[in-house]
Amino acid sequence: MKLIDGNIASPLGFSADGLHAGFKKRKLDFGWIVSEVPASVAGVYTTNQVIAAPLIVTKQAQQLEKMQAIVVNSGVANSCTGQKGLEDAYTMQEWTAKKLGIANDLVGVASTGVIGEFLPLDKLENGLSKIVVNGNADDFAQAILTTDTVTKTITVEETFGKDVVTMSGVAKGSGMIHPNMATMLAFITCDANISSQTLQKALSQKVETTFNQITVDGDTSTNDMVLVLSNGCTQNQEIIEGTEDYDRFVAMLHVVMTDLAKKIAKDGEGATKLIQVDVTGAKDSLSARMVAKSIVGSSLVKTAIFGEDANWGRIIAAIGYAGVDLDVEKIDIALEHLPVMIQSSPVSFDQEEMEEVMQKDQITISVNLNSGLESGRAWGCDLSYDYVKINALYRT
C-alpha cells in the first residue's frame with residue numbers, strides 16, 4: 001500500500017467541488033462529491049436517539065445499495081427542525097438529483113452546524129446554481145468544516161492483480177466528538193469493484209477500532225455519519241469476503257479511517273496535544289478499547305495533559321471506572337517511555353525528563369492490565385481554555 005498526494009476525487013470516476021453559498025458569512029459552506037456511475041455504498045450513523053433530518057434521508061437512500069452523489073452544507077445542521085426540516089432535506093436531495101439528471105434516491109445529503117435552525121432554501125438554491133462537476137475537490141474539503149482549523153484528507157493506493165485501486169477520505173470534526181459517532185462527517189471514495197453488502201461489512205468491521213475510538217468532549221452529535229462509495233471504475237475482479245483481496249481492501253480502509261480519526265482528535269476544539277492511549281494485557285479486545293477510551297475521555301486526564309502534569313492518579317481512576325473486569329493489583333502505566341506505575345504501585349521517575357516528555361504535542365499513555373493477551377487503542381486531545389471560549393461563542 002502506498003500513501004499518495006490526492007483528494008476525495010482521486011479515485012477513478014469521482015469529482016468534487018466546494019463553494020460559498022451563504023450558509024456561513026464568508027467561508028466555503030457547500031459542496032458535493034459525484035461519481036460518474038452509481039456506486040456501491042456503505043454507511044454508519046450517529047447512535048444519538050435524536051437524529052437530524054439529513055441522516056433520515058440518507059439512510060433511506062442507502063437501503064437501495066447504490067449512491068452516485070453526496071451533497072453537504074455546513075453552518076446549518078438541519079437538526080431538531082421537525083417535519084419542515086425533513087421536507088427540506090428531501091428538497092436538498094431532489095434539487096441535487098435534478099441538477100445532475102439522476103434519480104433522487106442516488107443522492108445522499110449531509111448537514112453540519114448549528115442545531116435548531118431551518119435550512120435556508122435560498123442559500124441551497126444559490127449553491128446548486130454555481131456548483132459544478134469536476135470542480136475543485138480541495139474546496140470540498142474546506143466547505144464541510146465548522147470549527148475545524150485544518151482540512152482532513154488522505155489518499156492511498158494498492159495493487160489488486162494488474163489493477164491499481166485508489167481510496168481517498170475526507171472528514172470534518174473537532175467538537176461534539178464522542179462517536180458511536182459524533183459531529184463528525186467522513187466520506188470515503190474508492191474505485192474498486194465491490195458489492196454494497198461486502199463494503200458494509202468492511203466498514204462496520206473497522207469503525208469500532210477507528211472512528212469509535214476517538215473522543216474530544218464526550219458529546220455525541222445528531223448529524224454524524226460516515227459514507228463510503230466504491231464505483232468499480234478500476235474494473236478489477238470483484239472483491240469477495242474471505243479472499244486475500246478482501247483483506248487488502250480492509251487494510252486500505254483501516255489506514256484511511258485511522259488517519260482521519262487521529263486528525264479529528266488532534267484538531268479538537270482548542271486542542272494543543274494529541275493523546276494516544278495504548279492498552280495491552282486485557283482479557284478481550286472490547287475491554288482493552290473500553291479502558292483506552294475511558295482514559296482518553298476523562299476530563300481530568302485531559303486537563304492534566306494540557307497542564308503538562310504527569311498525574312497518573314487520574315489515569316488509574318479512569319481505568320477503574322471503565323466498567324471492565326480487571327485485576328487492580330497488576331496495572332502498569334507509562335507516559336511515553338517513562339513508567340509511572342508498575343504492578344499498581346508508583347515508581348520514581350526523573351522529573352526533568354518527564355517535564356520534557358510532557359511538552360510534546362503528542363503524548364502516548366501506555367497501560368498494561370497484565371490480565372490477558374488482547375489490546376486496544378484510543379485517541380483524543382487535551383482540554384484547554386480555548387475549548388470553553390469556542391463553545392461559549394459557537395452561535396455568535
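Buried means under 20% relative accessible area, exposed means over 50%, and partly exposed lies in between (1.4 Å probe, protein chains only). The model is predicted, so to speak of local features calls for pLDDT of at least 70 and side-chain atom pairs count only at pLDDT 80 or more, while totals for chains, interfaces and linings use all residues. Residues are numbered from 1 along each chain as its sequence is written, and side-chain values use heavy atoms, with hydrogens and water left out.

**Exercise 1. Find the aromatic pairs and describe how their rings are arranged.**

Step 1: Apply the criterion. Rings of Phe, Tyr and Trp (its six-membered ring) pair if their centres lie within 6.5 Å; planes under 30 degrees apart are stacked, over 60 edge-to-face, and the rest tilted.

Step 2: Search the whole structure, which gives 2 aromatic pairs. Phenylalanine 23 and phenylalanine 30 are stacked, at 6.1 Å centre to centre with 25° between the planes. Phenylalanine 23 counts as buried because its relative accessibility is 10%, and phenylalanine 30 is buried at 0%.

Step 3: Turn to phenylalanine 140 and phenylalanine 187, an edge-to-face pair at 6.0 Å centre to centre and 65° between the planes. This pair links distant parts of the chain, 47 residues apart: phenylalanine 140 is in helix H4 (residues 137–143) and phenylalanine 187 in strand S8 (residues 185–190). Helices (H or I, at least four residues) and strands (E, at least two) are DSSP runs, numbered from the N terminus. Both phenylalanine 140 and phenylalanine 187 are buried.

**Exercise 2. Locate charges that sit over rings.**

Step 1: Use the test that NZ of Lys or CZ of Arg is within 6 Å of the ring centre and within 35 degrees of the ring normal.

Step 2: Read off the examples. The charged end of lysine 84 sits over the ring of phenylalanine 118, 5.4 Å from its centre. Arginine 248 lies over the face of phenylalanine 160, at 5.3 Å from the ring centre.

**Exercise 3. Explain why cysteine 233 has no disulfide partner.**

Step 1: Count disulfides, that is, pairs of cysteine sulfur atoms within 2.5 Å. The structure holds 0.

Step 2: Check the distance. The closest cysteine sulfur to that of cysteine 233 belongs to cysteine 190 and is 10 Å away, so it is too far for a bond.

Step 3: Add the surroundings. Cysteine 233 is partly exposed, at 23% relative accessibility.

**Exercise 4. Describe the largest nonpolar core.**

Step 1: Define the set: buried Ala, Val, Leu, Ile, Met, Phe, Trp, Tyr and Cys residues joined through side-chain atoms within 4.5 Å.

Step 2: Pick out the hubs. The largest core has 36 residues, of which Met167, Leu203, Phe211 and Phe249 touch the most other members. Helix H6 (244–266) is among the elements that each supply at least two residues, and H6 gives the most, with 11 residues.

Step 3: Look around methionine 167. Leaving aside neighbours within four places in sequence, its contacts (heavy atoms within 4.5 Å) include Pro11, Ile188, Cys190 and Phe249.

Step 4: Note a second, separate core of 32 residues, which includes Val279, Val291, Val296 and Ile363.

**Exercise 5. Decide which side of helix H3 is buried.**

Step 1: List the buried residues of H3 (residues 121–130): Leu124, Gly127 and Leu128.

Step 2: Check their directions. They cover an arc of only 95° around the axis, so they lie on the same side of H3; the arc is that of the directions from the helix axis to the C-beta atoms.

Step 3: Identify both surroundings. The buried residues pack against strand S2 (14–19), S3 and helix H2 (82–100), while the face turned away carries the exposed residues Glu125 and Ser129.
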